[in-house]
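Subject: Structure handover

Hi there,

Here is the structure I promised to pass on to you. Have a look at it first, and then read on for my notes.

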Amino acid sequence: MIRGKVWKFKDNIDTDLIIPARYLNTHDPAELAKHVMEDEDHTFASKVGRGDIIVAGENFGCGSSREHAPVAIKAAGVAAVVARSFARIFYRNAINIGLPILENKYAPDQIHQGDEVEINLEDGIIKDIKSGKSFKSEPFPKFMQELIAAGGLINYVKKKLGK
């Protein structure tokens, strides 16, 4: 179960807005986290808390295929991203690093900045605590839930190989 404060973003948040290209000279997650969403909301990195949740519109993570984008989000403490839709490469990169992302076409319009949201990854339910409204997202298959719980693909494979 994930429970956190909501940070709202618009449609078409691209990877340059998630982590500006000027910071791509590092792969250090902690350094990337300091600049996450900087060009969209310059205060976000200093205000986001561990366990918070991003809720956004359509096509979240569009743009380049840089894996820095989901790494920066996760390293900043964001526990999950809910969006109307995701760019496919961002979707894959997020899953590969163990960042839960859920698609729902109604939740972004009805969940507001600052609301508290609870997410059950096993059944795909997104619940806005303030309004009491629930939204159904397609739950991940069991092996993908295990991959996310392991912290990403590399950790999942290490665990499966017993290393």
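Below is what I found, going from the core to the strands, the charged pairs and the pocket.

Please keep in mind that this is a predicted model.

**The nonpolar cores**

The largest nonpolar core has 37 residues, and Phe-60, Ile-73 and Phe-90 are the ones that touch the most other members. Two or more residues come from each of H1, helix H2 (29-33), strand E2 (53-56), H4, E3, H5 and H7. H5 contributes the most to this core, with 4 residues. If you want a residue to centre your view on, try Ile-73: leaving aside residues up to four places away in sequence, Ile-73 touches Ile-18, Val-36, Ile-54, Phe-60, Val-78, Val-81, Phe-90 and Leu-99. There is also a second, separate core of 13 residues, with Val-6, Val-55, Leu-102 and Val-117 among them.

**Helix H5**

Which residues of helix H5 are buried? Within the helix, which spans residues 88-97, they are Phe-90, Asn-93, Ala-94, Ile-95 and Ile-97. These buried residues pack against helix H1 (15-18), helix H4 (68-75), strand E4 (101-103) and helix H7 (142-149). Phe-90 thus appears both in this buried set and among the residues that touch the most other members of the largest core. Just after H5 comes Gly-98, with a positive phi of about 85 degrees.

**Strands E5, E6 and E7**

Strand E5 (residues 116-120) and E6 run antiparallel and are joined by 4 bridges. In this pairing, Val-117 stands opposite Asp-128 of E6. The hairpin of E5 and E6 has 4 residues between the strands, and Gly-124 in this hairpin takes a positive phi near 75 degrees.

E6 also pairs with strand E7 (residues 134-136), again in the antiparallel sense, over 3 bridges. Here Ile-126 is the residue opposite Phe-135 in E7. This second hairpin has 5 residues between the strands, and Gly-132 has a positive phi near 80 degrees.

The two faces of E6 (residues 125-128) are worth colouring separately: Ile-126 and Asp-128 make up the covered face, while Ile-125 and Lys-127 are on the uncovered one.

**Salt bridges**

How many salt bridges does the structure hold? The count is 11, and three of them are described here.

- Arg-3 pairs with Glu-116, with 2.7 Å between the closest N and O atoms. Arg-3 is in strand E1 (residues 2-8) and Glu-116 is in strand E5, so this pair ties together parts that are 113 residues apart in sequence. Both ends are partly exposed, Arg-3 with a relative accessible area of 44% and Glu-116 with 36%.
- Asp-11 and Arg-84 meet through their side chains at 3.4 Å, N to O. Asp-11 sits in the loop between E1 and H1 and Arg-84 in the loop between strand E3 (80-83) and H5, so the pair links parts 73 residues apart in sequence. Asp-11 is partly exposed, with a relative accessible area of 34%. Arg-84 counts as buried at 19% relative accessibility, because the cut-off for buried is under 20%.
- Arg-88 and Glu-103 form a salt bridge at 2.6 Å, N to O. Arg-88 belongs to helix H5 and Glu-103 to strand E4, so parts that are 15 residues apart in sequence are tied together. Glu-103 is partly exposed, at a relative accessible area of 30%.

One network is also present: salt bridges with shared partners join Arg-3, Glu-116 and Glu-118.

**The largest pocket**

The largest pocket holds about 190 Å³ of space. Its lining is made up of Met-1, Ile-2, Ile-119, Asn-120, Leu-121, Glu-122, Lys-142, Gln-145, Glu-146, Ile-148 and Ala-149. E5 and H7 are the elements that give two or more residues to this lining. Which element gives the most to the lining? That is H7, with 5 residues. H7 is also among the helices that the buried residues of H5 pack against, and among the elements that give two or more residues to the largest core.

Happy to go through any of this with you.

Best wishes

How values were computed. Residues are numbered from 1 along each chain as its sequence is written. This is a predicted model: local features need pLDDT of at least 70, side-chain atom pairs count only at pLDDT 80 or more; totals for chains, interfaces and linings use all residues. Side-chain values use heavy atoms; hydrogens and water are left out. Buried means under 20% relative accessible area, exposed over 50%, partly exposed in between (1.4 Å probe, protein chains only). Contact means heavy atoms within 4.5 Å. Two strands pair if DSSP finds at least two bridges between them. A salt bridge is a side-chain nitrogen of Lys or Arg within 4 Å of a carboxyl oxygen of Asp or Glu. A nonpolar core is a set of buried Ala, Val, Leu, Ile, Met, Phe, Trp, Tyr and Cys residues joined through side-chain atoms within 4.5 Å. On a 1 Å grid over the protein atoms alone, a cavity is a set of points where a 1.4 Å probe fits but cannot get out, and a pocket is an open set with protein on both sides within 12 Å along at least five of seven lines; lining residues have an atom within 4 Å of a point. Grid points are joined across faces, edges and corners, and a volume is the space filled by probe spheres set on the points.
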